[in-house]
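Here's a quick walk through one protein chain, starting with a single helix and working outward. Have a look at the model first.

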Amino acid sequence: GETGGGGGSAASLSVNRTRAHHVQEQKYGHWSFLPERYVLDSSMFKSENTNSLWTMNLDLKAIAHSWPSDKRQMLVHFLLKRHEGNPKQLLLAVLYDMLIDRTSLSSLSRLYGSLNAVCYEWQVYNAKRRKLGSDTKRDGSVTSSSSSLNSSSTNALDTWRGYQIVSQDDILHFVFEEALRAGMTRASIVPYVLEYVRNVTKNFLKLSERMNMFLVELLLKDKRYFELHQFLQYHILLDSKVFAQKLLELQEEYQPAYQLSLDMWYRLGAFPEMMRVLVSKRQVMQALQLVTHHSAVFREEGLKPRDFLRAALDMGRSSTFFTAFRFFQARNQALRGSASFLPEDECEEFVRVFERNFRRTAETSLELKLDAPTPTATSAVSSPAKEEAAAPSVMPTEHHSPTLKAPPIKGEAAAATTAAVGGNSGGDQEYQQDSDAKELAYHDELEAAVEQKGLGQEGDDVHQEEQLIVAATEEEEEKEEEEEKEKEEQGQEQRN
């Protein structure tokens, strides 16, 4: 009896299942699925020859939570093709979870490639539409459809052809920065950021400014200076003024950063910032080689003629001061037709120094102890810049000034910077005395040459003054060559 009863209950259960399946077939048998998400039900109201049209929606959040964790790559592709139910936020949340779980770089790289490929296709399509709009404008036949095309192309869209557009800023804000806030270390997140940047460049996309500076900050805080140097050399990182300033601040810890910052400013065409740095480093000649006489740079604060002349005077090199002074005299001549400075230039002090040192005068003053020149060769400075006009390859003066053999600068500024050098040996003192005697002899010969030429203090012609200095310099060089030849002959006789 119990067996028979059990058999009867089992038979009734199978009958109930069959009935339920039959009811389900009757319910869904007349459904027709239509693109994109519509369902046509033709089973209702057949007598009236009417049908019902239903809309089917997906619960993306429930699907994402129920998706197996070992198949999240397929979930990303699934969400990438959805356009309803906020799929972008769910997609970014999945990428964030994969980053926190330290998913392999190869797996994430393939996903990054899919996202960036959509961005690239959208960028190409958008560029074609803009070009089409510009062509219609050029022909003068702009229609309402073309104007709406241009307005729609400038606005960022969330989807394109059914795919989600995930920008670099989205990845940065919702994935990388969120992972840092969650406690992920910089050392562990840098490989994923580098892989994403590599994938961006691989898909011919331009790295965004925010993503660029985010990677720079990560490398700087971890003191990975050599990697930063390599990324700059291979043009992976973008140039910016903020980036160049950070490199300049890094020069004490990493010396090549100074040259990297100058190169970046040169590529950006930021000549005022570059010249301020060079003047602060007392590299006056390199700064003046970047621009021409007509440049508007010299109207900016910190780049007035007096700033350059002050830096040249503080260097203690007469040739540098002479060349800088003549550069601005030529600039005044080109702009105003006169080589003299205006009162608002505030260069009276430097004019007096120039008069005392490079023109015949009876006044005497203290001699300036010259420091040994320590020029710094820079690749960015050595090449000419392009601003308002092509800069010459040499100092852009009307007449090429000779390179003087550093006679002492005399003037008011010299007295302030004169200092006695103590602690030298007897040989150094003798050498200094001999050098001073030669410099005095140089000035005496120069004054004698001025008197012979009959110019005196009234010799205001600048070109004649340059020729006079060149003649005196050539005479000095000839005397030195004769002395060297005599020494060589004496040494040869002694050896014989």
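## Helix 9, end to end

This is a predicted model, so let's start with a simple check on its geometry. Helix 9 covers residues 209–221, and because each residue should add 1.5 Å, its 13 residues ought to span 18 Å; the end C-alpha atoms do sit 18 Å apart, which agrees. Just past the end of helix 9, Lys223 has a positive phi of about 55°.

## What helix 9 packs against

Which residues of helix 9 are buried? They are Met211, Asn212, Met213, Phe214, Leu215, Val216, Leu218, Leu219 and Leu220. The partners for these buried residues are four helices: helix 7 (168–181), helix 8 (186–202), helix 10 (225–233) and helix 11 (241–249).

## Into the core

Nonpolar side chains in soluble globular proteins tend to be buried together. Here, the largest nonpolar core has 98 residues, and the members that touch the most others are Phe176, Phe308 and Phe321.

Phe176 links back to helix 9: setting aside neighbours within four places in sequence, its contacts include Met211 and Phe214. Also in contact with Phe176 are Leu99, Tyr112, Ile171, Ile189, Tyr192, Val193 and Tyr196.

## The whole chain

Zooming out, the protein chain holds 21 helices and five strands. Of its 496 residues, 38% count as buried. Take the contacts between residues at least 6 apart in sequence, and 68% of them join residues at least 24 apart.

As for the outside, the accessible surface of the chain is about 29,100 Å², with 51% of that belonging to carbon and sulfur atoms.

Technical notes:
Residues numbered from 1 in each chain as written. Predicted model: local features only at pLDDT ≥ 70, side-chain atom pairs only at ≥ 80, totals over all residues. Heavy atoms only, no water. Helix = DSSP H or I, 4+ residues; strand = E, 2+ residues; numbered from the N terminus. Expected span 1.5 Å × (residues − 1). Buried < 20%, exposed > 50% of the residue type's maximum accessible area, 1.4 Å probe, protein only. Contact = heavy atoms within 4.5 Å. Core = buried A, V, L, I, M, F, W, Y, C linked by side-chain atoms within 4.5 Å. Areas by Shrake-Rupley, 256 points an atom, 1.4 Å probe, with all protein chains shown as cover.
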